[in-house]
Amino acid sequence: MGKVSLKEDNMAHRVHWLITIFLCLLAMSAGFTTNPLQAESLGATRYVNTATGSDSGNNCLNPDAPCRTIQRAVNQAASGDAILVAAGKYTYAGTDNPCDQYLGGLKAVVCIINKELTLRGGYPSGNWGWSDPSANPTIIDGENRLRGVYVLSSDPNKPSQASIEMEGFTIQNGLNQGAASGSDTQTFAFGGGMLTDYAGVVLRNMRFTNNVALGGGSQNTYGGSASGGGAAIRRTPWRATLENVVFVANRAEGGSGRTRGGYGLGGGLYVLWAEMDGSNLEFYDNTSQGGSTQGNGQTSDLQRGDAFGAGVTIMGYADINLYNVVARGNRTIGGNAATNGGGAFGGAIKAEGIPTVDANGDGVNETATLRIFGCDLTDNLAQGGDAAVGGISAGGALETIHSTLLVERCNIQNNKSQGGNGVSAQGPAGGGGIYLQNIFYADPTATVKNSVIAYNSVGAGSGPAVGGGGGGIWLQGIEATIAHNTIVGNRMLTRPLQGSAIDVLSDGITHAPKPAYIRYNIIANHAETGVAAVHVKPSNTANLAYNLFFGNSSNVNTSQVGVINGMNTSVLGDPRFIGGAAGGSVENFRISTSSAAVNQALDSSEVEDIAGNTRNGVPDIGAYESAPFQVWVAQVASETLRAYWGTQSGIDHYQLTVTCPPGAKRPAEVECNVPKRYPGDADGAWLTRLTNYASYDIAVTAYGADGAALLADESEAMPTDIFVYTPLVTR
Ligand SMILES: [Ca+2]
Ligand SMILES: [Ca+2]
């Protein structure tokens, strides 16, 4: 089958991205020298109501006579003011807008320059006492022609002079479009819904819907980049905060260009040079699209029309914590071209740093750190562009390069990495779930733990084989710890591809290979013949410890293999998934108390599982610690017992057996010592007409659909006619 690897030229051209993007930001704020709207007062509250308000001569301070437009209140406000906005749709008002006046006609519905303001939406008309954005939708609408909100601190040397704290708004139908020709500053597009530059950012309870950043440059050699269809946050002076922010159907699409298309980055959210805490962020059906071209598709600097992270793309210096991220149905699509198709990197999430380089000259190297605590990344797609040489796809859910990464408590299911089609060469594909790489910088490390990585897929495009692999996880030149994960049923859609669960390789890297530490994982049900679950390429090392292998066609590759240590510690046995490994709900990957994984993660110091439950005794292998199954029996009335076992996922039916003491009456519901079947959704059983003060033994066994006994417990109890917890009655 020959060499199966990604071509180096596919990998080597990306270090220029940050430089290109940086130039645009610098130019954006150059030439803006005045501070036009400075005011003195602090902490006033101003009021806006599009239905009842009037702007004329109004300072917006009277709650009974609000202004009509948000911009009027912004213009009247001083730093520290809060602006309360009543429900309704707010569109571009056309006058007195500082973005028009000072930024060369760059329009936004709401434009804030050099002020620190709070905006709160969700108020019912005529009542400023309470806010409920879902009951009182407060919408900033770009009408498919203008950006929704722009916040700028015009002097990068005084970065704290602008900030926005925004809560309870929907920003929709925003558009930022690059020009057909001109410099990068003119052809690039940023933040269709919202753009912030050098400004503080706090967003809470916000929705970004159907906003678009559209690169221009159709008359140029290369198309303009488009970054942040929903929102672009560039260069924050202090940690940004995003809480309960939803991005739906936003799009970042690079421009066409004569030789190659422009990049599409962060269809939902784009973050450049920022520290940020994001919690409860949701990304649905956002798109990053690399620009397509009739031309070659690749410029002389080896750039192509690539697309990145359709949910969120993080670039440059970054220190980002994300808590509870949901990303579903996002699509990252490389641009089409005549000869070289654009790549696709991270169907939902992408991060890229340059660890030892200060690209923007601010004295801080572009070291990127991304930590994800809790996520659900499902049904996302990375797809390379079509061309004679198809575009690469890397990471159906997540791709990072030169970034330090921590992923824990995540469900990463049913994502797809699909290479582009090509007649000269197929687009290679890697990392159906996760694609981690270090090409030019060796140091960043990655940890993925307590996560489920299941039913992701990798397929190269049509055309002569180039290759790829890593159905679950792709590790290229990066020291990675993959620990306590449940890795199940990831698939190869084409051949030849390598490593249906994990592929360890170092092709194309400029440093020595880095080891992978693969510990305490369940690696199961990778049944495709001819593909090992864990593939370690020659000259690479994988250090294994206490993994459970089950149902794989082969567990590790044995030819053209690097060094695989610790295989002798493996557990070979049925993990006994409660849901039978059906996929879908992550709960289906809970394991039964009879799982071969129970108490087998020797040496593991992990204290919690994916659900945050404490690991019992010796940790179990995989993402879940098996929960003890318990039958409680309560005396609830005279001659009556209630057995309760709660609801368990993945149970087909229960069998209950009552052992009756000698001389005692049998329960009305069950014969003594004869098992009775209860359906899988039963949470317990009544036992009535018993003999008081006789001790009954109640045993319950739970069965899976295949008839295997998964859970069992038994308990003893006696009914009485004394009810200390019921109202006293006279007997
Ligand atoms: Ca820097
Ligand atoms: Ca245990």
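The largest nonpolar core of this predicted model has 190 residues, and those with the most contacts inside it are I83, V271, I434, V534 and A643. Because domain 1 (2–45 + 134–496) and domain 2 (632–724) both give residues to this core, it lies between them. In soluble globular proteins, nonpolar side chains tend to be buried together.

One of the core residues with the most contacts, V534, leads to another part of the chain: leaving out residues up to four places away in sequence, V534 touches G499, A501, I502, I518, I523, A542, N555 and V556. Among these partners, G499 is found in the loop between β42 (491–492) and β43 (502–505). Although G499 sits in a loop, this glycine is buried, because 31 other C-beta atoms lie within 10 Å, where 20 or more are enough for a residue to count as buried. Apart from its neighbours within four places in sequence, G499 is in contact with G469, G470, G471, A532, V534 and H535. G499 and G430, which are 69 residues apart in sequence, are 9.8 Å apart in space from C-alpha to C-alpha.

A further element to follow is an open sheet of three strands, which are arranged in the order β52-β53-β56 with antiparallel pairing. Strands β52 (632–637) and β56 (684–687) stand at the edges and have a single partner strand each, so one side of each is left without a neighbour in the sheet. On average, and with direction ignored, neighbouring strands of this sheet are turned by 20° against each other. Strand β53 (residues 640–644) pairs with β56 in the antiparallel sense over four bridges, and L641 stands opposite L687 in β56.

Notes: Residues numbered from 1 in each chain as written. Chains lettered and ligands numbered in written order. Predicted model: local features only at pLDDT ≥ 70, side-chain atom pairs only at ≥ 80, totals over all residues. Pairing = 2+ DSSP bridges. Helix = DSSP H or I, 4+ residues; strand = E, 2+ residues; numbered from the N terminus. Axes fitted to C-alpha atoms, helices over the stretch in contact; angles between N-to-C directions. Buried ≥ 20, exposed ≤ 12 C-beta atoms within 10 Å, placed from the backbone. Contact = placed C-beta atoms within 7 Å. Core = buried A, V, L, I, M, F, W, Y, C linked by C-beta atoms within 7 Å. Domains from an automatic or database assignment.
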